[in-house]
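Here is a briefing on how two chains meet and on the cavities in the structure. Please look at the structure first.

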Protein chains: 2
Amino acid sequence: MLLYNSAVSGNCYKVRLLLAQLGIGYETVDVSVVDRSNRAEILGELNHGLRVPTLVLDDGRPLAESNAILWYFADGTAYLSEDPYARAQALQWMFFEQYSHEPYVAVARFLLAYSGQPELFERRRERLLEGGYAALDAMERHLERRAFLVADRYSIADIALYAYTHVADEGDFDLAGYPAIRAWLGRVVAQPGHVTIDS
Amino acid sequence: MLLYNSAVSGNCYKVRLLLAQLGIGYETVDVSVVDRSNRAEILGELNHGLRVPTLVLDDGRPLAESNAILWYFADGTAYLSEDPYARAQALQWMFFEQYSHEPYVAVARFLLAYSGQPELFERRRERLLEGGYAALDAMERHLERRAFLVADRYSIADIALYAYTHVADEGDFDLAGYPAIRAWLGRVVAQPGHVTIDS
């Protein structure tokens, strides 16, 4: 199996984390998230969206979008409930992640720490921080009364939201006012088979 | 069942379209997508994300995020395959929709046609059109060789992407150069039980 991967991308890290916890091996091809000029050449036939992660299964079939890849491998394992409502809730949080969290928390981190053009962050600072803190507020209120995002057990919904939340400080977010999120981050790290984003 | 709904929202229309095709009845509560000042009061306890659609099931449990709601009702029906790879592909297109399509195609339409402040569209015009056309390009290349997005049959992936693509002209997108998309739009409309966004 082949993962088109970026070491710094939280979206790619989601896949690496789940596959590590499932004990599934794979090879990687590094794709730059800064210089995107060769994306069509590398990924054009595999994923018209031209994004990483893109995975090529053992039989050659491609699969893209981090949270779709998580679902494919987690279904039937302890990382995704069998209960229809819990499954829909996991998807609810994963769509929340891609629409309301990643475009602020991940983009702020990318622009500030990895783009080589931190002035782009400064230009969009207000909107990025406002959107990111709104997403963190929603997570905090939910986690105040729960150990994990869905059905009180660790699942791919937690993996999806852990990926960029645990490095939110790199995008200038301060989690000091988010005790429930910080406790949850600790519970995610304590899961068997956890690997860090730079491992 | 109670749907917190906006008549003009494509995300809400996705849910109305699938429930019509499944023959499932529900009541609606109208929520403004322009004046959002009462969102926390209306939706706070149901969906910390404060977005529509939010659905309250017959037993009182809430579910949010349009594509998660689609999944919940489609699973086990003809609108979602039983095949693990096809299911993951459906999710791939639904995450593509929320990350790479909706933030451009839907936002352009909202700002231009529904926000009451079309000057906001003009200010972001270049970025909205560039992102939206990139998403339409990816769909066009995929649909050039396929009748539907996944496994050559109509599914919730088609519903998810139909919702805003069929009204893309309201956001100043021109589909003249997208013959595969236009043919696919026609195939979606021809499905049994189809309802329009304003019905």
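**Interface and cavities**

Across the interface of chain B and chain A, 10 residue pairs are in polar contact, both residues at pLDDT 80 or more. A polar contact is a pair of N or O atoms within 3.5 Å; within protein, one must be able to donate a hydrogen and the other to accept it, and residues adjacent in sequence count only if both atoms are side-chain atoms. The model is predicted: local features need pLDDT of at least 70, side-chain atom pairs count only at pLDDT 80 or more, and totals for chains, interfaces and linings use all residues. Residues are numbered from 1 along each chain as its sequence is written, chains are lettered from A and ligands numbered from 1 in the order in which they are written, and side-chain values use heavy atoms, with hydrogens and water left out.

**Interface**

- Contact (heavy atoms within 4.5 Å) joins 34 residues of chain B to 34 residues of chain A.
- About 3,300 Å² is buried between the two chains, and carbon and sulfur atoms give 61% of that area. Buried area is the accessible area (1.4 Å probe) that two parts lose on being put together, summed over both.
- B:Tyr85, B:Phe95 and B:Tyr99 supply 25% of what chain B buries against chain A, more than any other three residues.
- The rule finds zero salt bridges across this interface (side-chain nitrogen of Lys or Arg within 4 Å of a carboxyl oxygen of Asp or Glu).

**Symmetry**

- A turn of 180° and a shift of 0.0 Å along the axis lay chain B on chain A with an RMSD of 0.0 Å. That is the relation of a two-fold axis.
- Copies are superposed by least squares on the C-alpha atoms of residues with pLDDT of at least 70 in both.
- B:Tyr99 comes closest to the rotation axis among the residues of chain B, at 3.0 Å (C-alpha).
- The copies meet through the same surface, because 100% of the interface residues of chain B are also interface residues in chain A.

**Cavities**

- The whole structure holds two cavities of 30 Å³ or more.
- On a 1 Å grid over the protein atoms alone, a cavity is a set of points where a 1.4 Å probe fits but cannot get out; lining residues have an atom within 4 Å of a point.
- The largest has about 60 Å³ of space.
- The second largest has a volume of about 40 Å³.

Technical notes: 1 Å grid on protein atoms, 1.4 Å probe; cavity = no way out; pocket = protein on both sides within 12 Å on 5 of 7 lines; lining within 4 Å. Points joined across faces, edges and corners; volume = space filled by probe spheres on them.
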